[in-house]
Amino acid sequence: MSNYVELSKLTKVYPTPNGPAVIVKDFDLKIQKGEFVTLIGHSGCGKSTVLSMLAGLNDITGGGIILAGRELSGAGPDRGVVFQSPSLLPWMTAFENVMLGVEQVFFTASSEERREIVEYYLTVVGLGDAMHKKPAELSQGMKQRVGIARAFALKPKMLLLDEPFGMLDSLTRYELQQVLIELWRKNKITALMVTHDVDEALFLSDRIVCMTDGPEAEVGDILEVHFPRPRERKAVMEHPDYYRLREHLIEFLEIHAHRRPVAGAPSPPSAGDRPAKSPSKAVLNPAGYESAPLANSPESRSLIAIK
Amino acid sequence: MNNNPLKKIDWLLLPLIGFAVGVGLWHLVSQTVSKDLPSPAKTWAESREYVMKPFEKRGEMDQGILRFTWYSLILVAKGYAIALIIGTPVGFFLGLSKSFTKTFDPIIQILRPVSPLAWLPLGLVLFLGAGKQASELGALFTIAVCAMWPTVLNTAVGVRAIPQDYLNVAKVLKLSRTKTLFKVLIPATLPYMFTGFRLSLGIAWLVIVAAEMLTGRPGVGGFLWQEYNALNYSHIILCILTIGVVGFILDRLMSVVERRFKTA
């Protein structure tokens, strides 16, 4: 099979007063058409940086990205992005927010057709009754539903999800994972998601790419996830392989959580480490695993507690 | 709870007490410190005609107080409109472009504190060739130049404060420049812009009095200066009160508009 998306030798370097900070180095990844791939790793490891380079929101320092046979340059609506914060424009209704993108992509369609596209996707994500509300009137989960509808309504070549459910409570997160996976199954859009939630990764992905800790983050391990589709949460969790894969992922994360402090290498300033990202992302606090014993490190607890 | 009914009307009662104290002090000063200051009663007696027949025109510089106010408001409206039309785009450029800011911020910071009284003669010189129109154009120039700055600076701050999230949306959807401007930048900046607009209106109203005084145009400010020269001191107080009340009303109106855009 041919590779639909190809990231080769992708590198991101930020200049800092203490010299260049290499966030991502020689990152290689190939994604097949229709595949759902998840990048998992600790906060600050550079996984979001990879995603935002793919989205065109962050300049590429070295290497390149090919999508559907063409090298990417800059952002564009051929990639639907779901941001961690819903990023809706507050002066527009849910409908208008989705329409903004639909107008861009389907500029040849009649206004009737465009309206139908917007209404279809908002209904599918469960906002049929709330599509003419402003974001301020919507709950966090509903806002993120709009964000998902906005991304899918573009009929993009690729879907990019940057910790899309990171700001939601676990019940809402489950609901939205279900919404996402069903839309994805119907549309068969190639997807790359960034998360640090092991269960989310296992439930949604075909392949999980573990990233080593930054600086100079690269691919550490790739896990194939063969649970049959369409997936149902209960069936996935009862699958004989589930806990083996889960243990494997957590073990990987724990090992890499300890690598950096042990190495004791001069680390780049944390501001350069996580450029232009909201502070709420730092769920797995790097400071936490410097002293905590392995089994009780806060991030492993939080990962297990999600279940 | 005896004072309960009083508490209910204190929104009315307390300001009335405040006014009474003010008028009392004014009366006291007119009786003791300066005998030339007209007392409240005398002011009312001499201003009555101007207040009770507010739109009457008896001569160029002898008209009802609201008629004068109307002249002033029209001039303010024109100057204010010029200030907004120039100030808003300048603010946008300042907010959007770092090099534009580096280029023009120093000159803006130098011109901003210059008093309207200093600008006016320059305005008159600027339009010397306009003959009879010179005084109006000079006044408009002064109002526009002085009232522009809050709009410029607030718009610039507003543009700089647009969340990166919104800009990312525009980038990902590849919105054209025009569409980004009208669908993202302007709506996101509106609350700041209206704060600027409100402050600018306050300044425009301050400037009008100075402009009319120096040019002798009919209006509240012109009337004030003329009555000072004619030794009708009570009319000075009438004008001051009118200017204050009108300024207050304008500010309230603008803050109503401003609040509408804040919630949007």
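Begin at the contact between the two chains of this predicted model, and select the residues that form it: chain B contributes 14 residues and chain A contributes 15 residues. On the side of chain B that touches chain A, the elements giving two or more residues are α8 (164-172) and α9 (177-215) of chain B, and if you colour these two helices separately you can see that α8(B) gives the most, with seven residues. Colouring the same side of chain B by residue class brings out eight nonpolar, two polar and four charged residues.

Next, widen the selection to the whole of chain B, which has eleven helices and two strands. Following the chain from the N terminus, you pass elements in the order α-α-α-β-β-α-α-α-α-α-α-α-α. The radius of gyration of chain B is 23 Å, well over the 18 Å that the globule rule gives for 264 residues, so this chain is more spread out than a compact globule. If you draw a box along the principal axes, the C-alpha atoms of chain B fill roughly 70 × 70 × 35 Å.

Now split chain B by its domain assignment, selecting domain 1 (4-37) in one colour and domain 2 (51-263) in another; the centres of these two domains of chain B, taken over C-alpha atoms, are separated by 32 Å. A burial colouring of chain B would mark 36% of its 264 residues as buried. A contact map of chain B, restricted to pairs at least 6 apart in sequence, would show that 69% of those contacts join residues at least 24 apart.

Turn then to chain A and select its open sheet of six strands, whose order is β6-β7-β8-β3-β9-β10 and whose pairing is mixed. The edges of this sheet are β6 (79-82) and β10 (219-224) of chain A, each of which pairs on one side only, and from one strand to the next the twist averages 15°. Add helix α4 (residues 140-153) of chain A, which packs on the sheet and touches β6 and β7 (158-162) of chain A, its direction making about 175° with that of β6(A).

Finish on strand β3 of chain A, selecting residues 36-40. On one side, β3(A) pairs in the parallel sense with strand β8 (residues 190-195) of chain A over five bridges, and here A:V37 stands opposite A:L192 in β8(A). β3(A) is also joined by four bridges to strand β9 (residues 207-211) of chain A, again running parallel, with A:C210 in β9(A) as the bridge partner of A:I40.

Before leaving this strand, show its side chains: is β3(A) enclosed or open to its surroundings? Five of the five residues of β3(A) are buried, so the strand is largely enclosed by the rest of the structure. In a regular strand the side chains alternate between the two faces of the sheet. Rotating the view accordingly, you will find A:F36, A:T38 and A:I40 on one side of β3(A) and A:V37 and A:L39 on the other, all of them buried, with both faces of the strand covered.

Technical notes
Residues numbered from 1 in each chain as written. Chains lettered and ligands numbered in written order. Predicted model: local features only at pLDDT ≥ 70, side-chain atom pairs only at ≥ 80, totals over all residues. Pairing = 2+ DSSP bridges. Axes fitted to C-alpha atoms, helices over the stretch in contact; angles between N-to-C directions. Contact = placed C-beta atoms within 7 Å. Nonpolar A, V, L, I, M, F, W, Y, C, P; charged D, E, K, R; others polar. Domains from an automatic or database assignment. Rg over C-alpha atoms; globule rule 2.2 N^0.38 Å. Buried ≥ 20, exposed ≤ 12 C-beta atoms within 10 Å, placed from the backbone.
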